[in-house]
Amino acid sequence: MKWSKIHLFTQKEAPSDAEIPSHKLMVRGGFIKKLAPGLYTYGFMGLRAIRKFENIIRNELDKINCIEILMPMVHPKELWMETNRWNEMGAGLLKFKNRNDHEFCLGATHEEAIVDYVRHDLKSYRDFPKNIYQIQTKYRDEIRPRFGLMRGREFSMKDAYSFDMDQAGALKAYDQMYEAYTRIFNRLGLQFRIVKADAGNIGGSQTHEFQLLAEAGEDALLVSDKTAFAANIEVCPAIDAIPYQSKEKEFKATEKFATPGQKTIADLEKFTSVPANELVKTLFYSANEGFDAKDKSLKAFAVLLRGSDEVNPIKVKNFLKLTNAPRMLNDDEVREVSGAAPGSCGPVGLKIPVYADNGITNLKNYIVGANADGFHLKNVNHERDYKAQFADLRMAREGDKCPDSDGTLKAYRGIEVGHVFYLGQKYAQKMNGVFLDKNGRSQFYEMGCYGIGVTRTVQASIEQSHDQDGVIWPKAIAPYHVHICLLDPKDEALAQYVDKMDQALTEKHLDVFIDDRDERPGFKFKDADLLGFPVRVVVGKKGFDADQIEVVNRKTKEVHKVTRDQVNQTVQKVLESL
């Protein structure tokens, strides 16, 4: 393919709304172009990378007998009402009405649609197992889309769904997909981790994320320095490397004391000379869910943590079996349930449920808010002064103990590119997905759900693999393997040589791109680095006449100066080394 034959325009500067390297490079390289916030047109080169990744996915899923279909992007409200996710998904669903006043949404995910597709067909135990997938556009109405394809509103996703008679079969399907995903991401040649994760609105009792490691990753990961343990910080168990032991031996009498203007843990730490990890803070949340206007009563609860710790809303959600992470109360609501403004609140005397993080367990005679503005209580003790349920509710952090060994956890940033869920019977029960077993009894089937962010993975690969000059494409999804910079396109001998090279390399199943523009060499080299294809070949009249052609490894910048007859062999060797 020649540059003069396609629509490709690079840019020297990145747009002002591009915040991370991969977003900047994708726009500058013409791989994507913004249409509206969170909406992008995929350019010729960007689409080639996407299609190559799709082919890798299809190749690996075909090996385990998955079946590809294509479901609509537009879904009727009635389908989502069967699972109540029309309400649970909230504003994340883009909802609209057609000319007949019927309500629809754009598919943010396809669990409801796939169950509707199979529930009238899977009637007998003989119909199982099934694993069905699609590669389809999704739409999620992000409040603030950002980072290009990483957090867009419209994106391409591979989603698969397995159907089995029993849990054993469903877990076998889960393991098969887990292994297929591992092969898919191994083929990209990028650094990734498989981590324990939260299932979110999709649900399910077992789930893992596939995370590409990158400094700009939105997800915080914790990885053991001794075992294979890895988890998203949202669900990682929080275990102190050295358990805290209070120096206090006996309970002391509770005392109320004035703390004027001391509204934060940092303020209180300085005012009392007590370290933050020996202070206790009280946070207030609502357990109200859904969007039922008739439900006006506030279902408030309190969460207690050491002053040095950070609450983990996902752990709170899972502990209380909520659908979504709980909402923090506003100042007026806090005063309504505690009698004081935030900063002066504590658990003593509260009439609402109180949940405490395990980190408080060994504290004695600690300080909490007095539920009176400008006052705190000292020498407070759980069990004696208030009742609470204890659980792991804090954010784990680097340096915490590994749950599987005596090792410690190290922090990484990651970009979630794949997610596997064991759903069980959640959707089958809600949507009447039943079959007759060998004994003629009606049973709900078991499901798994498996997603890969196709467009997100393509950008994430750039986020992990780039330098100051541009993209460094993984060979497996590079739009082209070889970038030929033809420096004198009007020279007939050079043009013929390049055409023969193109033909020979194409016969070796390599994709060749020729920059045949009438531009300066330096301009072409900068664009070649920006586009980032694995191998660059420089063909100019001076080198051609001297029988010396440059073959450049884009990743290492290593330059091989070889004769004209050695170019094809050298290109293949460089590619084989990647």
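Reader: Over which ring does the charged end of Lys-256 sit?
Author: This is a predicted model, where local features need pLDDT of at least 70 and side-chain atom pairs count only at pLDDT 80 or more, while totals for chains, interfaces and linings use all residues. Residues are numbered from 1 along each chain as its sequence is written, and side-chain values use heavy atoms, with hydrogens and water left out. A charge sits over a ring if NZ of Lys or CZ of Arg is within 6 Å of the ring centre and within 35 degrees of the ring normal. For Lys-256 the distance to the ring centre is 4.9 Å, and the ring belongs to Phe-375.

Reader: Over the face of which residue does Arg-48 lie?
Author: Here the charge comes from an arginine, Arg-48. Its distance from the ring centre is 4.0 Å, and the ring is that of Tyr-480.

Reader: How many aromatic pairs are there in the whole structure?
Author: Rings of Phe, Tyr and Trp (its six-membered ring) pair if their centres lie within 6.5 Å; planes under 30 degrees apart are stacked, over 60 edge-to-face and the rest tilted. Six residues join in one cluster: Phe-53, Tyr-178, Tyr-181, Phe-185, Phe-192 and Phe-210. A search of the whole structure gives a count of 21.

Reader: What is the angle between the planes of Phe-513 and Phe-533?
Author: These two rings are 6.0 Å apart, centre to centre, and form an edge-to-face pair. The angle between their planes is 85 degrees.

Reader: How far apart in sequence are the parts that Phe-513 and Phe-533 tie together?
Author: Helices (H or I, at least four residues) and strands (E, at least two) are DSSP runs, numbered from the N terminus. Phe-513 belongs to strand 28 (residues 512–515), whereas Phe-533 is in the loop between helix 13 and strand 29 (535–539). The pair therefore links parts whose separation in sequence is 20 residues.

Reader: Is Phe-513 buried or exposed?
Author: Buried means under 20% relative accessible area, exposed over 50%, and partly exposed in between (1.4 Å probe, protein chains only). Because its relative accessibility is 0%, Phe-513 counts as buried.

Reader: What is the volume of the largest cavity?
Author: On a 1 Å grid over the protein atoms alone, a cavity is a set of points where a 1.4 Å probe fits but cannot get out; a pocket is an open set with protein on both sides within 12 Å along at least five of seven lines, and lining residues have an atom within 4 Å of a point. Phe-533 appears again here, in a lining shared with His-483, Ala-528, Asp-529, Arg-536, Val-552 and Arg-554. The volume, the space filled by probe spheres set on the points, is about 40 Å³.

Reader: Which helix gives the largest share of the lining of the second largest pocket?
Author: This pocket has a volume of about 370 Å³. It is lined by 18 residues, and Thr-10, Lys-12, Phe-523, Lys-526 and Asp-527 lie nearest its centre. The largest share is 6 residues, and they come from helix 13.

Reader: How many disulfides does the count come to?
Author: A disulfide is a pair of cysteine sulfur atoms within 2.5 Å. The sulfur of Cys-236 has its closest cysteine sulfur in Cys-402, 8.4 Å away, so the gap is too far for a bond. Cys-449 is in no disulfide either, as the nearest cysteine sulfur, in Cys-66, is 13 Å away. The count of disulfides is 0.

Reader: What percentage of the residues of the chain count as buried?
Author: Cys-236, at 0% relative accessibility, is one buried residue, and Cys-449, at 5%, is another. Of the 578 residues of the chain, the buried part is 51%.
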